[in-house]
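Reader: I am new to this structure and would like the terms explained. Please set each label against its rule.

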Amino acid sequence: MKKTFNKLAISKLDDFVYGSCPNPVTTKSGMVIGGGLVYPELNFTLPGMDVNDATMDKAARIYTDIITTSLQRAAELKSPGVLIEFETIPDFTEVPAYGRRINQILIDEIKAAADKYGLKATLRTTPNDLREMSRPPVMRGGKYWDTMLELFNNCAKDGTDFLSIESTGGKEIHDDALVKADIRKSILAMGVLGCIDMEFLWAEIVKICDAHDCLPAGDSACGFANTAMVLAEKGFIPRSFAAVVRVVAVPRSLVAFEQGCVGPDKDCAYEGPYLKAITGCPISMEGKTAAPAHMSPVGNVAACVCDVWSNESIQQVLLLSGMAPVVGMEQLIYDCRLMNAATAKGQQFMMRDLLSDSDASLDPQAYVLSPEVVLRISAEIVKATPDGHLAMTIAAARGAIEEIKAGITSGKVQADKRDMKWLDKMSRQIDTIPNDPHEFYKMMEPELDLTTFTASEYGL
């Protein structure tokens, strides 16, 4: 049954902090995520290599080495528990037997570490969204849809704890929105196409989870808002635009929770603090310790309300101290130790505020992740719930624009001198958007490249 979030699960700043949430999740290994501790989540991948029948044994050996050595290091550092994320490469989803083989290795080694060290560990499996490999993408059928669902089913059946995905519905339009810094196309891509696709996709994933004693964890607008962040970091688009896009992603990712997700959501979903405020579910976040995967202006503020702390992803390459995933595990554990030690001394709110204060004033993208701002904008988003996802997305955009403008005016956040002009321009564009998604699509249709997507795949 679809859930509706028309009020905040967390409305007070004194209740909004890392490691704790109203709806914690208990894993099969006994870890309580959101129950007081922040846990590390290690994500890793292969070094550059081709994956095929001839190289799969080598790939399996690499993953075996990664998981055994990383879990050994976690045990040596006395971590109270760890999450492992298996984020597949396209080859592992396109040939589900490949992905299932690696997933089973991880499950087996997690069980072995529990027996050998008494280490609590849990596995998140994240097949990548292959549907965009068709041109234009085929969202509701075809070989890529079938192989993706096959991998989801088999991994859940084999005993993975959580299922996630970084879905791509609407990305066909959003890529052009980013190139042109067009907030209307961004809202259309995520607030209309993205939300429609999320309803369809997550209804299927939740069915799989229900059938196999697996938990649906959550999605990420990585291909949308994180792409904006990377482009802004390179100076290709305004940072204020990327900040607004970040908040525009919230209603889209919220759809997964409406369909039954329980968290922790995906680490690369920087919209996570909003999802936690609205749903009360635990979230995974990434920041400074994700630098081996990508740079960002939100290295500390991203941790303010996290329940799981991730490294994004890291290749199996040799560093001076050892293999990179083991190094990543150690870094994550020490980050979590510090946050948990602050909690043990009753200083978690001071720690949260220091994490926020160290980033929030330096970039609009960090400012919209500061806990106070998150709660205020989240309240505006849920007010629009009765009017549907598009109205919620418009409310998210307006809320972000007003908060950033107020922050610049008051001196709470630094910004480029052109940012106010961009914010005003976005505000004017948003004022032209109707609340009806079909009317909005028809209004935008003349400006879209209709060769890049199929409207009927989104019910339009």
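**Labels and their reasons**

Author: Arg131 and Asp129 form a salt bridge, with their closest N and O atoms 2.8 Å apart. The model is a predicted one.

Reader: What makes the pair Arg131 and Asp129 a salt bridge?

Author: The rule asks for a side-chain nitrogen of Lys or Arg within 4 Å of a carboxyl oxygen of Asp or Glu. The closest N and O atoms of Arg131 and Asp129 are 2.8 Å apart, so the pair meets that rule. Arg131 and Asp129 are both buried. By this rule the count comes to 31 salt bridges.

Reader: Why is the contact of Glu199 with Lys2 called a salt bridge, and which parts does the pair tie together?

Author: The side chains of Glu199 and Lys2 meet at 3.2 Å, N to O, and the limit is 4 Å, so the label applies. Glu199 belongs to helix α6 (residues 183–211) and Lys2 to the segment before β1 (20–26), so the pair ties together parts that are 197 residues apart in sequence.

Reader: How do you know whether Glu199 is buried, partly exposed or exposed?

Author: Buried means under 20% relative accessible area and exposed means over 50%, with partly exposed in between. Glu199 has a relative accessible area of 27%, so Glu199 is partly exposed. Lys2, at 44% relative accessibility, also counts as partly exposed.

Reader: What joins Asp176 to Lys180?

Author: Asp176 forms a salt bridge with Lys180, and their closest N and O atoms are 3.4 Å apart. Asp176 is partly exposed, because its relative accessible area is 27%. Elsewhere, salt bridges that share partners join Glu85, Glu87, Glu166, Lys266 and Asp267 into one network.

Reader: Why are α10 and α11 called oblique to each other?

Author: Helix α10 (residues 324–344) and helix α11 (residues 348–357) pack at an angle of about 140°, and their axes are 7 Å apart. Angles over 145 degrees count as roughly antiparallel and 65 to 115 as roughly perpendicular, so an angle that falls outside the named ranges is oblique. The two helices α10 and α11 are therefore oblique. Leu338, Met339, Ala342 and Thr343 of α10 make the contact with Gln348, Met351 and Leu355 of α11. By class, this contact of α10 with α11 has five nonpolar, two polar and no charged residues.

Reader: How do you know that the buried residues of α11 line one face of the helix?

Author: The buried residues of α11 are Gln348, Met351, Arg352, Leu355 and Ser356. Down the axis of α11, these buried residues fall within an arc of 135°, so they line one face. An α-helix has 3.6 residues a turn, so residues three or four places apart point the same way. The buried residues of α11 pack against α10 and α13 (371–383). On the face turned away from the buried side are the exposed residues Met350, Leu354 and Asp357.

Reader: Why are α8 and α15 also described as oblique?

Author: The axes of helix α8 (residues 239–258) and helix α15 (residues 419–430) come within 8 Å and cross at roughly 40°. Roughly parallel would need an angle under 35 degrees, so α8 and α15 are oblique to each other. Their contact is made by Arg239, Ser240, Phe241 and Val244 of α8 and Asp419, Trp422, Leu423 and Met426 of α15.

Reader: What makes Ser240 of α8 count as buried or exposed?

Author: Ser240 has 0% relative accessibility, so Ser240 counts as buried. Beyond neighbours within four places in sequence, Ser240 is in contact with Pro364, Ile404, Asp419, Trp422, Leu423 and Met426.

Reader: Where does Val305 lie, and is Val305 buried or exposed?

Author: Val305 lies in the loop between β8 (284–286) and β9 (308–310). With a relative accessible area of 2%, Val305 is buried. Leaving aside neighbours within four places in sequence, the contacts of Val305 include Phe16, Tyr18 and Pro371.

Reader: What is notable in the backbone at Lys78?

Author: Most residues other than glycine have a negative phi, and most peptide bonds are trans. Phi of Lys78 is near 60°, a positive value in a residue other than glycine. Lys78 is exposed, because its relative accessible area is 70%. A cis peptide bond, with omega about -5°, joins Arg135 and Pro136.

Technical notes
Residues numbered from 1 in each chain as written. Predicted model: local features only at pLDDT ≥ 70, side-chain atom pairs only at ≥ 80, totals over all residues. Heavy atoms only, no water. Axes fitted to C-alpha atoms, helices over the stretch in contact; angles between N-to-C directions. Helix = DSSP H or I, 4+ residues; strand = E, 2+ residues; numbered from the N terminus. Contact = heavy atoms within 4.5 Å. Nonpolar A, V, L, I, M, F, W, Y, C, P; charged D, E, K, R; others polar. Buried < 20%, exposed > 50% of the residue type's maximum accessible area, 1.4 Å probe, protein only. Arc of directions from axis to C-beta.
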